[in-house]
Amino acid sequence: MSIKKIWNSFFVNFINGIVILLPIAVTIALVKFLVLQVNNIILQPIMVFIVPMVSETQSVYSAKAIIFVTVIVAVASIGWGAKILFIKRTFSLGERILLKVPFMGKIYNAAKQIFSAFIGQGKTI
């Protein structure tokens, strides 16, 4: 193997590593940023409710844990919503393509009408 092929292989593997690690690093940085921003805004109001229930040192950790979990759940909810929108758009595109195929479109449309009659309009299987 020549030096040029080794270098090209190394470079391609390096770029692949960056492509894999960069979204992870950006995600970690974004979650850290969100947690810090939410800490700055919400920490004191949460402390007012937590201090009577636990000791002073535990209340700070409890409040930060609540904020961290809230940020994680919020990010996961946004991801869930985006996934649903992406899946709906993908199926809608696939359905439009399928309906344009001469014979299969008629079969698919008939089956869809039969299922919607049994299940109800607007409901999914």
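Which residues are buried in helix 2? Ser59, Ala63, Ile67 and Val71 are; buried means under 20% relative accessible area, exposed over 50%, partly exposed in between (1.4 Å probe, protein chains only). This is a predicted model: local features need pLDDT of at least 70, side-chain atom pairs count only at pLDDT 80 or more, and totals for chains, interfaces and linings use all residues. Residues are numbered from 1 along each chain as its sequence is written, and side-chain values use heavy atoms, with hydrogens and water left out.

**Helix 2 and the core**
- Helices are DSSP runs (H or I, at least four residues), numbered from the N terminus.
- Helix 2 has 45 residues and should span 66 Å at 1.5 Å a residue (1.5 Å times one less than the residue number). Its end C-alpha atoms are 66 Å apart, which agrees.
- Cover for the buried residues of helix 2 includes helix 1.
- The largest nonpolar core (buried Ala, Val, Leu, Ile, Met, Phe, Trp, Tyr and Cys joined through side-chain atoms within 4.5 Å) has 9 residues, among them Val31, Leu43 and Ile67.
- Helix 1 (3-50) and helix 2 (56-100) each give two or more residues to this core. Helix 1 gives the largest share, 6 residues.
- Val71 touches Val31, Leu34, Val35 and Val38 (heavy atoms within 4.5 Å), not counting residues up to four places away in sequence.

**Ile15**
- Ile15 lies in helix 1. Ile15 is partly exposed, because its relative accessible area is 36%.
- The C-alpha atoms of Ile15 and Pro52 are separated by 53 Å. The two residues are 37 apart along the chain.
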